[in-house]
Amino acid sequence: MRQLWKNIKGLVGAYDTPPSYLRGGEMRSFPVLEQAWLAIEDGVIVDFGSMDSFPGIADWSGLEVLDCEGKYVLPAWCDSHTHLVFAASRSGEFLSRLEGKSYQEIAAEGGGILNSARALRSMSEADLFADARKRLLQAIHSGTGSIEIKSGYGLDAEAELKMLRVIRALKEDFSIPIKATFLACHAVPKGNWTAQSWTKHIVEKVLPMVVQEGLADYVDAFCEKGYFGLEETQLLLDAASAIGIRSKVHVNQFNIIGGVKLCINSNALSVDHLEVLDSEDIAALQLAAESGNPTFATSLPGCSYFLGISYTPVGDLVNAGVPVALATDFNPGSAPSSNMSRVVQLAILKMKMHPLEAIAAATINGAAAMECSDRAGVIARGRAANVIVTHPMQGLEDLAYDFGKEPVDKVFIDGVNL
Ligand code: NIG
Ligand code: FE
């Protein structure tokens, strides 16, 4: 099947030779080709250019033409941090928060992650898969074209493996890039466990099982006061590094305890959350970025919005030349939305990101933060046509200006309009 899209108001992120990521001030120069055309054949982008040099149509047979007057075409969103596999909503906890309890208080009472773990353990793999599949379809319909998914609601070997097998089944079922992260140290399970003994158990017993089944692309820990400290995080990252698995780590959500530096020194692929950051953290991220082997700074503004906590100081990271990624953190406790357009909107409105910075962070840099830059994040010849067509807009700032409107008109995966 051949498709030709013409009169595109702006073709965003289109490259002859794409870089694998953009850092600091480069993010604002994510390219926009104005008045453009795009050609797709059998689900693959074959060519693009400016309408000024449009070659015309020689062969009309089997050609589908789409007029994109007034509309932008973007690479599909790359959501590099989600907890999309879970058993049940936690809207009851949300109500408790409205009645005055904090996220941490609810967790301390056995709610939060432990609540999700209780529900997940009693759910069958087939049912978990069926629900996760529906959620993934919904995310894709809202414009997501690649995604990372974590375990971490199992909190015992069997249930963690169950979650990871569900993610593997999603990988087999969908053509889009999907990465699996073993969130090994998410919360200390009930019983006689301490953060230390649980981490030791993970490293000695569970990680080898996960590796043996080839279930994880990355490992993750919740490095935070009351969860897992520096020692435990280091133990996990060392064990993973020793077998060639990189990490994507929850750090600096509520407190600064030195996790950012630890992760960078352990060659983490990304540090995620970063609602609180100090100048030492930023300097360490800057140094890594300048070395050419960056640790991506992943901001999750949906979590800040939903929990009413601070937003990542993205401007400082950009000024320091750090590559920033944006992701949803989709989960039932702190960010119950898989909608990346909403994340981009929040990034612009609440973190003052320039529209092109936010788009680059949600596409090319998101792809790099889950090592699928060769398949996602840009528009380039030979790539799968996983793209978004927006509703007509005056400019890309309308992504946030029209804050009540859904900006995505159509989503194409492998050239197919969903
Ligand atoms: O990224 N902070 C740790 N983990 C998740 C939320 C977990 C939950 O509340 O279910 C997050 O926010
Ligand atoms: Fe998370």
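Biologist: What makes the pair between ligand 1 and the side chain of histidine 250 a polar contact?

Modeller: An oxygen atom of ligand 1 is 2.9 Å from an N or O atom of that side chain. A polar contact is a pair of N or O atoms within 3.5 Å, so this pair counts. The model is predicted: local features need pLDDT of at least 70, side-chain atom pairs pLDDT 80 or more, while totals for chains, interfaces and linings use all residues. Residues are numbered from 1 along each chain as its sequence is written, chains are lettered from A and ligands numbered from 1 in the order written, and side-chain values use heavy atoms, without hydrogens or water.

Biologist: Which polar side-chain atom lies 2.7 Å from a nitrogen atom of ligand 1?

Modeller: One of glutamine 253. Histidine 273 also has a side-chain N or O atom 2.8 Å from an oxygen atom of ligand 1. Taken alone, ligand 1 exposes 330 Å² (Shrake-Rupley method, 1.4 Å probe), and the protein buries 100% of that.

Biologist: Why are His81, His83, His250 and Asp329 called donors of the iron ion (ligand 2)?

Modeller: A donor is an N, O or S atom within 2.8 Å of the metal (3.2 Å for Na, K and Ca). NE2 of each of the three histidines and OD of Asp329 lie 2.1 to 2.2 Å from the iron ion, so they qualify. Water is not among the atoms, so the site may look incomplete. In sequence, the donor residues are spaced H-x1-H-x166-H-x78-D.

Biologist: Are histidine 81 and histidine 83 buried or exposed?

Modeller: Both are buried, meaning under 20% relative accessible area (exposed is over 50%, partly exposed in between; 1.4 Å probe, protein chains only).

Notes: A polar contact is a pair of N or O atoms within 3.5 Å; within protein, one must be able to donate a hydrogen and the other to accept it, and residues adjacent in sequence count only if both atoms are side-chain atoms.
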